[in-house]
Every structure is written in C-alpha cells, then in structure tokens.
Amino acid sequence: GRNLIAVDVQVDTQTVGALVDTGARNTVIDLAAAQRLGLPADSMQGDPSFAGHGVDPQSVTGHVHRFPNVRIGREVFRNVALEVAGVKIISGTDMLLGADFLHTRHVWLSYATHQMFLAPPGM
C-alpha cells in the first residue's frame, strides 16, 4: 500500500478528512468541501487570492479564507487562514494538511499505524 496518513480535522463544527502532506507548502481545503461546511461562495469575494501548483504542472487558484475554529486532535486553533481551492485529493479526504501547520509543532508520523502524533510548540 501507499504510505499515506489521513486525519480527521474539525473545521468550525464539521469534520473533514485531511491528508497529511509534508510536501505541501500550505494547508488547503477543497472548495466543494468548504461549501458543504456552510461557506457561501460569495463570502470569499473580499478574501486574498492565491495561485500556485502542486506536484503536477496544473495550476491551482483560490482564496485564503479565515475560519473561526479548526481542531486537530485536542488542539483548537482560532481564526485560521486556510487556502480554499478546487483541488483533487485522495478519496475520503477534502483537505491537505501542509507544512504551514506541521512546522509549528513537533510531529511524529507512524506509517505503520497510519497515525499522526502532535506535541505543542516548545515541548
């Protein structure tokens, strides 16, 4: 099998599957998933836009939107800026958890058990 780790992330009040992607610079949530969470498309009109690309040459454009609460494990983050774009992620996941999140804490990845362990900064 492929060495992939997916975790549950609670965005506001709903849970989405997030693929842990150490190669992704930023955390991104799929536009359709964000809309399922209740984010109206027109609510992003005033948000900053971005353009980039992943491992494939296809470019990705979207907006950086602030979400009131994001919970990963026992940690709750407030006023979190996430990139929102139409991205294709593996089945069962609607988010890529990127380096912008991972570099701020100690992270242990167990590919044998498909788990991620976190320690807050400074531990």
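In the predicted model, D30 is found in strand 3, which spans residues 28–30. This aspartate is buried yet takes part in no salt bridge, the nearest side chain of opposite charge being that of R36 at a distance of 5.2 Å; since a salt bridge requires a side-chain nitrogen of Lys or Arg within 4 Å of a carboxyl oxygen, the separation does not meet the cut-off. The side chain of D30 instead reaches the backbone nitrogen of V87, at 3.1 Å.

R36 itself does have a salt-bridge partner, D94, with the closest N and O atoms 2.8 Å apart. Because R36 lies in helix 1 (residues 31–36) and D94 in the loop between strand 6 (75–85) and strand 7 (95–97), the pair ties together parts that are 58 residues apart in sequence. The structure holds one salt bridge. With a relative accessibility of 54%, R36 counts as exposed, whereas D30 is buried.

Turning to the pockets, the second largest has a volume of about 250 Å³. Its lining is made up of 13 residues, of which I72, G73, R74, M116 and L118 are the closest to the centre of the pocket. Two elements, strand 1 (6–11) and strand 9 (115–119), each give two or more residues to this lining, and strand 9 contributes the most, with four residues. When the lining of the second largest pocket is sorted by class, seven residues are nonpolar, three are polar and three are charged.

Notes. Residues numbered from 1 in each chain as written. Predicted model: local features only at pLDDT ≥ 70, side-chain atom pairs only at ≥ 80, totals over all residues. Heavy atoms only, no water. 1 Å grid on protein atoms, 1.4 Å probe; cavity = no way out; pocket = protein on both sides within 12 Å on 5 of 7 lines; lining within 4 Å. Points joined across faces, edges and corners; volume = space filled by probe spheres on them. Nonpolar A, V, L, I, M, F, W, Y, C, P; charged D, E, K, R; others polar. Buried < 20%, exposed > 50% of the residue type's maximum accessible area, 1.4 Å probe, protein only. Lys, Arg positive; Asp, Glu negative; His and termini not counted. Polar contact = N/O pair within 3.5 Å; in protein donor to acceptor, adjacent residues only side chain to side chain.
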